[in-house]
Amino acid sequence: MRLMQEEIIGYESEEDREMESSSSCGSIVELGFQEKSMKVVVVGYALTSKKIKSFLQPKFEGLARNKGIFFVAIDQTRPLSDQGPFDIVLHKLSGKEWQQILEDYRVSHPEVTVLDPPSAIQHVYNRQSMLQDVADLDLCDAYGSVGVPKQLVIEKDPSSIPHAVREAGLALPLVAKPLVAKSHELSLAYDEYSLQKLEPPLVLQEFVNHGGVLFKVYIVGDAVKVVRRFSLPDVSKRELSRSVGVFRFPRVSCAAQSADNADLDPCIAELPPRPLLERLARELRRRLGLHLFNLDMIREHGTRDRFYVIDINYFPGNFNIIYLIYNVFTLVTVNVSIVCMAGYGKMPEYEHIFTDFLLNLAKSKYKKRTATALP
């Protein structure tokens, strides 16, 4: 099977098809030219400059404007309650002060939808709690099973890691990730002695052979999109017995690795079943309390229906990370794309999916307000 660097397959339900600059976004005062028959949806946004550039692209803004959706930059120097009125607040800023501002705003403006609640976002920023809902779900049906790799949280004292790993029964090699998910640097530890070189706080996760292919599952409300990515290659028992040390993956490039001529086993490249993904997305939306997130998902090599979620990202950013990994067996350094945080701006048809999502969200909120107001 010949596969391009990323092959796109979209999964959507039938009902649904996603601070620094507010150029071409207009302001609330400027919305008056709209036809009276068009219900305007005003989205206040608080995003980093990088997120604005990747997400609020001209094509997206143009389509949104044609559908009656207007994006208005939130001024962080002014009280949030003095701005608007907004139908939706879209945000991805950090800091306890900002989180408290949003929580207070949600209480005082229940008519406004905040995407998403700060407390729910913090839940997936912590890798100790991030995957717990997937584990608790323990999804298994006729289409396959979805779990999480065995993992262990290490908060301090690197010298205690080997003993903790033995006690927990984790098998090498282990992927080490920072406990706070805002950092995407990874390490791969091949032997027990080298575990002491790791720097807590971190999460140790059993490495599951998956044929070197990762499925990035984007979730925007009820819509689900899947992107195939290359990942770390499998580690055989022979390779593991000959390997020692901790291999860290420094970020060296933001260019996507080309794989135009890659030949993949169809069993490896086959996408997860649509019903399985839709059920997983639906359950996680409810459990996490989030509308905008993506999953890093793998299929255990040698199986057809055993899947693992290895990471969850809220409102993913728009970049690709390419790592250099030194192959200790061939003594050759190769490029391996192991963390591909391609954001919604790179998701196929994201303009239509996101605008329809915002319209449906506003419509649903309006119906609820109308029903509540009826005698």
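This is a tour of selections to make in the viewer, with what is found at each stop. The model is predicted: local features need pLDDT of at least 70, side-chain atom pairs count only at pLDDT 80 or more, and totals for chains, interfaces and linings use all residues. Residues are numbered from 1 along each chain as its sequence is written, and side-chain values use heavy atoms, with hydrogens and water left out.

**Strand β13**

Select residues 213-220, strand β13. Helices (H or I, at least four residues) and strands (E, at least two) are DSSP runs, numbered from the N terminus. Eight of the eight residues of β13 are buried, so the strand is largely enclosed by the rest of the structure. Buried means under 20% relative accessible area, exposed over 50%, and partly exposed in between (1.4 Å probe, protein chains only). Colour Val-213, Phe-215, Val-217 and Ile-219 for one side of β13, and Leu-214, Lys-216, Tyr-218 and Val-220 for the other.

Add β14, which runs antiparallel to β13 and is joined to it by eight bridges. Two strands count as paired if DSSP finds at least two bridges between them. The two form a hairpin with two residues between them, and Gly-221 in the turn has a positive phi of about 60°. Now add β18, antiparallel to β13 through six bridges. Centre on Val-220: its bridge partner in β14 is Ala-223, and in β18 it is Leu-292.

**Asp-296**

Stay in β18 (residues 292-299) and pick Asp-296. At 7% relative accessibility, Asp-296 counts as buried. Its side chain makes a polar contact of 2.3 Å with that of Lys-216. A polar contact is a pair of N or O atoms within 3.5 Å; within protein, one must be able to donate a hydrogen and the other to accept it, and residues adjacent in sequence count only if both atoms are side-chain atoms. Beyond neighbours within four places in sequence, the residues in contact with Asp-296 include Phe-215, Tyr-308 and Asn-313. Contact means heavy atoms within 4.5 Å.

**Ser-236**

Follow the chain from β14 (223-230) towards α8 (237-242); Ser-236 is in the loop between them. Ser-236 is partly exposed, at 33% relative accessibility. Measure from its C-alpha to that of Asn-209: the two are 8.5 Å apart in space and 27 residues apart in sequence.

**The five-stranded sheet**

Next, show the open sheet with the order β9-β12-β10-β11-β15 and antiparallel pairing. β9 (151-154) and β15 (246-248) stand at the edges with a single partner strand each, so one side of each has no neighbour in the sheet. From one strand to the next, the twist averages 25°. Within the sheet, β10 (residues 174-178) and β11 (residues 187-189) pair over three bridges, with Ala-176 partnered by Ser-187. Add helix α7 (residues 161-168), which lies across β9, β10 and β12 (202-206) and runs at about 150° to β9. Axes are lines fitted to C-alpha atoms, for helices over the stretch in contact, and angles run from 0 to 180 degrees between N-to-C directions.

**Strand β4**

Select residues 69-73 for β4; five of the five are buried. Ile-69, Phe-71 and Ala-73 point one way from β4, and Phe-70 and Val-72 the other way. Strand β3 (residues 41-46) runs parallel to β4, joined by five bridges, and Val-43 stands opposite Phe-71.
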